[in-house]
Amino acid sequence: MANQMNGSQKISVLNPVGYPPKITPKPMAPRLESLDGKTIYLVDPRFDDSGLFLRQVRDWFTEHMPSVTTRLVEMSSVYTKDDPKTWETIKANGDGAIIGVGH
Amino acid sequence: MALHTHVFEKVVKTVTRIHGMPEARYAFVPQPVMGKTAQQLRAYVDGKDPLSGRPVMQEVIEGLTRPANGDRGKEITFDRSTPRWVEKDSEENLHRLFLDNNWTDKLPIILPTEKRVEEMLARTSHKPDEVVGHMRSNQFRVLWEFTVEKVAVNAVMAGARPEYFPVILALATTGVSARGSTTSSMAAMVVVNGPIRDEVKMNSGTGAMAPFNHANATIGRAYGLLSQNLQGGSLPGDSYMGSQGNNYMYNSVTFAENEERSPWEPFHLQHGFKATDSTVSVFTGCRSTAFTLGVREKYWREHVRNMLRGMDAHSAPTFLLDPIAARQFIDRGGFDTKEKFIQWIYENALMPAGEYWDYQLIQNYIYPRATFGEEPYASKLKAAPDEMIRMFKPEEIHVVVVGGETNGYWRIIGCNYQKTVSVDDWR
């Protein structure tokens, strides 16, 4: 009986979860009005045959939107490392980018 | 604009949200991409997003051209925190709450009452509100922060005794998660060295890696629980993506090195500590394991090479040797130091270059580094396909002596050494 009473008694316990960081909002790059005549980079993170997949995306543009120039580029190292050099190249020479296939 | 495989839907949404990019544009193709032919992948491109049901390329084009409307931004709470207490309730309801909130490893826990947490905190000189570390499940996540008290709460839940707390605190401060989210299903391994082993009665002998010792069991369990809770969760399909999972995660292969019966110097001495220091060392990976009995006179070299060839070429070997096996290696090969043994392993872990570079994990993680000139990978890449190349770097290979000498068994576990930290600093 004592155990049953204890079991229904309300107790206080501490929360085991850590403290999340505050989220800082980051604006998206402005969207394009259209892709006509634009240069779109296809960025290969070099993971699980992603390059072969992006070649199919490139071929799709060639067949369906020939006015779009595509440039297929590989990330400079493994996908887990940031790649500022590639991002700068895209900013300087491209109008947009598609990255894939990512986890 | 990003393309992902559809099983990563929750991960993509969570990661873009926590990085403050709720309006990020993405579309999905079926899983897997790996191993598919060009024709099959073209069918993905021509087909529909399996989640939205809309044409993949239509979503891609809209993703590049449709202005953001701000709707997804409303889903985010930018200023977040965690309350110190859980709302008062009955024990039964609290156990249910912890289970439902994924705060446990699905085994029963000890509820972290204030008294129990205070008893844990009494075993360290550090203040409860001291921030002692940050953790995340992988490099794409944001770091969560935690205090001494938060570590103590998780230690209580795991059933650890207060005297274990300095070891558990030290583990937390490594910042290495025992709940890492990799599709490869990693686990952690923990090796304890120095006087603390005897102080808390850890097992380094018979059955050291089995569930027979309270300290081994609960220190390892606490490491797992604190990892998942202090990094902000470990939930399959969202913050945990190990495809098969890994049973080693239940207590993170936690044991003490058998320093007394080892013929070599203890592991922590190899990493800058003194024999009188108490330390804990953390490894991650722990997917592949190979084992055998003894070190045979005639073909021991071939046996070891065969085992190494059978390992995952991306995870370096750590040798876990019963003291009998360690002494046999000295008898057979003259390895009177761990360093000499490691050098022999380095020189004999060989594979034809063509086979090595064709492994998917090598393609994903090593090949890109080789093509951009990183050594020693760039030199390996120049080898002819049938040329034997070294699978690992010597500094990646490790040796720990553990076991009770009931026989000369030994095993190789594929894992990456992360770091060794002081336990004494957390007393």
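A crossing of two helices is left-handed if the near helix is turned anticlockwise from the far one by less than a right angle, and right-handed if clockwise. In chain B, α5(B) passes α6(B) in a right-handed crossing. This is a predicted model, where local features need pLDDT of at least 70 and side-chain atom pairs count only at pLDDT 80 or more, while totals for chains, interfaces and linings use all residues. Residues are numbered from 1 along each chain as its sequence is written, and chains are lettered from A and ligands numbered from 1 in the order in which they are written.

**Helix packing in chain B**
- Helix α5 (residues 114-121) and helix α6 (residues 148-157) of chain B (helices are DSSP runs of H or I, at least four residues, numbered from the N terminus) have axes 9 Å apart, at an angle of about 115°.
- Axes are lines fitted to C-alpha atoms, for helices over the stretch in contact, and angles run from 0 to 180 degrees between N-to-C directions.
- α5(B) and α6(B) are therefore roughly perpendicular (65 to 115 degrees) to each other.
- Among the residues that meet are Met120(B) and Leu121(B) in α5(B), and Ala152(B) and Val156(B) in α6(B); contact means C-beta atoms, placed from the backbone, within 7 Å.

**Between the chains**
- Chain A brings 49 residues to the contact and chain B brings 73.
- β1(A) pairs with strand β3 (residues 85-89) of chain B in the antiparallel sense over three bridges; strands are DSSP runs of E, at least two residues, and pairing takes at least two DSSP bridges.
- Within β3(B), Val86(B) is the bridge partner of Val13(A).

Terms used: Parallel < 35°, antiparallel > 145°, perpendicular 65-115°, else oblique. Contact = placed C-beta atoms within 7 Å.
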